[in-house]
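Thanks for coming, everyone. I'll take you through one structure today. Have a look at it on the screen.

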Amino acid sequence: MLHIRELSLAFGKGAVPVLEGLSLDLQAGEFMSLIGPSGCGKSTLLRAITGLQKPSAGAVSLDVSPDEVAFLFQDDALLPWRSVRDNVALGLRNRGTRKAQARREADGWLAAVGLEGYGDRWPRQLSGGQRKRVAIAQCLALRPRVLLMDEPFASLDAIVRHYLTEDLMSWVERENLTVLMVTHDLEEAIALSDRVLLMGNGPRARIKGHFQVPLSRPRDLVGVRTEPAFRDLARDLWSALSEEVGPMSSTRPDLKVVNE
Ligand SMILES: Nc1ncnc2c1ncn2[C@@H]1O[C@H](COP(=O)(O)OP(=O)(O)O)[C@@H](O)[C@H]1O
Ligand SMILES: [Mg+2]
């Protein structure tokens with residue numbers, strides 16, 4: 001579904017490339033997570049996929065049109081001067097849907113993410129978790145086939161995060177979405193994914209390891225964490241990542257340190 005070939009990316013001519021010779025393939029319907037040391041270039045890679053950042057070399061190709069790709073970022077991009085309904089309707093409006101129709105559809109998506117009746121509110125009147133739900137509604141309204149997420153739940157508390165993740169996963173399963181998610185949470189990566197990719201330390205970062213998650217989907221996101229296969233993989237991933245970061249490295253892992 002997504003193919004990245006020998007991608008290199010430097011910020012400015014003559015600068016040391018952040019990414020170099022990075023390749024990966026994402027299969028249709030696959031949920032893939034990307035973990036790696038802080039600052040290694042994960043967000044840069046996502047921006048290269050979305051076309052926001054131009055690669056210095058290599059190629060990114062998608063089997064679907066760019067219209068079918070949605071992004072969910074850590075900090076939502078809700079416009080403070082538009083109502084919640086109009087924020088959700090915005091993407092539809094940009095695609096040429098008429099105002100009344102876009103608003104009707106927006107209300108439908110708000111209801112679908114548990115925010116029925118919130119359409120007339122302003123973004124500032126919502127909690128962090130509710131704002132994230134609006135951002136999810138914005139994404140889903142575009143009927144994407146591919147979802148790119150950059151630490152989408154990092155700023156939320158554990159309970160809100162749990163319910164949001166469960167809801168999002170039910171959409172992922174229902175719509176058979178192909179997902180690439182950057183996360184700093186190793187256990188979240190395993191719990192949600194079919195495959196976890198470990199990105200090496202930068203500069204000149206590339207993919208250092210592929211870890212297949214030997215658990216079928218859909219999963220019970222709480223129960224799965226007690227499965228022996230889950231624990232084994234968490235241990236393997238943690239040791240691969242520690243190797244990448246190194247005990248005396250100046251780069252801190254942006255990970256939940258389970259054994260500290
Ligand atoms: N716009 C930019 N200009 C120059 N350097 C950048 C820019 N964006 C990111 N970088 C650098 O690229 C590297 C990777 O950043 P980033 O992709 O944000 O890492 P990650 O998401 O893995 O934490 C970092 O060293 C960062 O300082
Ligand atoms: Mg980042």
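Let's start at helix H1, residues 42-50. Its buried residues are Lys42, Thr44, Leu45, Leu46, Ala48 and Ile49. Right after H1 comes glycine 51, and its phi is positive, near 90°. Keep in mind that this is a predicted model.

Now the ligand. Which residues surround ligand 1? The shell takes in Phe11, Val18, Gly36 and Ser38 among others. It also includes Gly39, Cys40, Gly41, Lys42, Ser43 and Thr44, and from further along, Gly202. So two names come back here. Lys42 and Thr44 are buried residues of H1, and both also belong to the ligand shell. By type, the shell has seven polar residues, three nonpolar and one charged.

Next, the whole chain. The protein chain has seven helices and nine strands. How compact is it for its length? Its radius of gyration is 19 Å, and the globule rule gives 18 Å for 260 residues. Those values are close, so the chain is as compact as a globular protein of that length. Along the principal axes, the C-alpha atoms fill a box of roughly 55 × 45 × 30 Å. Buried residues account for 38% of the 260. Then look at contacts with a separation of 6 or more: 71% of them link residues 24 or more positions apart.

On to the core. In soluble globular proteins, nonpolar side chains tend to be buried together. Here, the largest nonpolar core holds 66 residues. Which of them touch the most other members? They are Val88, Leu110, Ala137, Leu147, Leu148 and Val179. Helix H4, residues 128-141, supplies the largest share of this core, with seven residues. Take leucine 147 as a case. Beyond its neighbours within four places in sequence, leucine 147 contacts Ala70, Leu72, Cys139, Leu177 and Val179.

Now some loops. Aspartate 157 sits between strand S6, 146-150, and helix H5, 158-174. Is aspartate 157 buried or exposed? It counts as exposed, because it has 11 C-beta neighbours inside 10 Å, and the cut-off for exposed is 12 or fewer. Glycine 129 is 28 residues away from aspartate 157 in sequence, yet their C-alpha atoms are 8.5 Å apart.

Past H5, before strand S7 at 178-182, the loop holds asparagine 176. Asparagine 176 is not a glycine, but its phi is positive, about 50°. It is exposed, with 9 other C-beta atoms within 10 Å.

Arginine 204 is another non-glycine with a positive phi, about 60°. You'll find arginine 204 in the loop between strand S8, 195-199, and S9. With 17 C-beta neighbours inside 10 Å, arginine 204 counts as partly exposed.

One more backbone point. Arginine 217 and proline 218 are joined by a cis peptide bond, with omega about -5°. Proline 218 lies in the loop between strand S9, 207-212, and helix H7, 228-245.

Last, confidence. The mean pLDDT of the chain is 90, and 94% of its residues reach 70 or more. Where does pLDDT stay under 50? One stretch is residues 248-253, which have ten contacts in the model beyond four places in sequence. Residues 255-260 are also below 50, with six contacts beyond near neighbours in sequence.

That's the tour. Over to you for comments.

Conventions:
Residues numbered from 1 in each chain as written. Chains lettered and ligands numbered in written order. Predicted model: local features only at pLDDT ≥ 70, side-chain atom pairs only at ≥ 80, totals over all residues. Core = buried A, V, L, I, M, F, W, Y, C linked by C-beta atoms within 7 Å. Buried ≥ 20, exposed ≤ 12 C-beta atoms within 10 Å, placed from the backbone. Helix = DSSP H or I, 4+ residues; strand = E, 2+ residues; numbered from the N terminus. Contact = placed C-beta atoms within 7 Å. Near = placed C-beta within 6 Å. Nonpolar A, V, L, I, M, F, W, Y, C, P; charged D, E, K, R; others polar. Rg over C-alpha atoms; globule rule 2.2 N^0.38 Å. pLDDT = per-residue confidence, 0-100.
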